[in-house]
Amino acid sequence: WVRAVDAEGHRSPWTEIQSVTVESADNAAPMRNYFTTSTPTLTWNHVTNADEYVIQVDRDPKFTEPLDFSAMVASDTLSITISSLANGTYYWRVQTKYADDSLSSWSATDSFIIDTP
C-alpha cells in the first residue's frame, strides 16, 4: 500500500493493499558483487605485519596501465570507496606492503559489476 505526501505534509488516504511477486530461477542466489552505485566500497581481510595495502581496480583482468583506480592505504584500513566508475565489469586485487618495503604476492583477483540507472 502507498499514499502521497505533498510539500505541506498533507497525506492522501492509503491505497488498497497490493502484492508483488519477484520471479527468479529455482534456488537462484542473489547477484554477488553487483553495485547500483558508481562508487562501490571494497573490503579485504587484515594481513599480519602489514604496513600498507595497495589496491588496484581495472576493466582488464591483466591490470594493464593505465588502471581505472589504484590506491595505497594504511594497514588499519580494510576497505576503500572507489572513485566514480562507468558501468561495466571491473577486476580488483590487493597487495600487502611491509615495513621493510617488501611486497606480498597479489591477492586472488575478484570482480564486480557497476550498473547504475
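**Notebook: Phe63, the core and a surface patch**

I looked up Phe63 in this predicted model. Setting aside neighbours within four places in sequence, Phe63 is in contact (heavy atoms within 4.5 Å) with Gln56, Val57, Asp58, Tyr91, Trp92, Arg93 and Thr109. I placed Phe63 in the loop between β3 and β4; strands are DSSP runs of E, at least two residues, numbered from the N terminus. From Phe63 to Thr109 I count 46 residues in sequence and 10.0 Å in space, C-alpha to C-alpha. Phe63 is buried, at a relative accessible area of 7% (buried is under 20%, exposed over 50%, partly exposed in between; 1.4 Å probe, protein chains only).

Notes on method. Numbering starts from 1 along each chain as its sequence is written, and side-chain values use heavy atoms, without hydrogens and water. Local features need pLDDT (the predictor's confidence in each residue, from 0 to 100) of at least 70, side-chain atom pairs count only at 80 or more, and totals for chains, interfaces and linings use all residues.

Next, the core. The largest nonpolar core (buried Ala, Val, Leu, Ile, Met, Phe, Trp, Tyr and Cys joined through side-chain atoms within 4.5 Å) has 18 residues. Those with the most contacts inside it are Trp44, Ile55, Val57, Ile80, Trp92 and Phe112. β3 (50-58), β4 (69-74), β6 (88-98) and β7 (110-114) each supply at least two of its residues. β3 gives the most, with four.

I then checked Ile55. Beyond four places in sequence, its contacts include Trp44, Phe69, Ile80 and Trp92.

Last, Trp1. Trp1 sits in the segment before β1 (34-35). Trp1 is exposed, at 56% relative accessible area.
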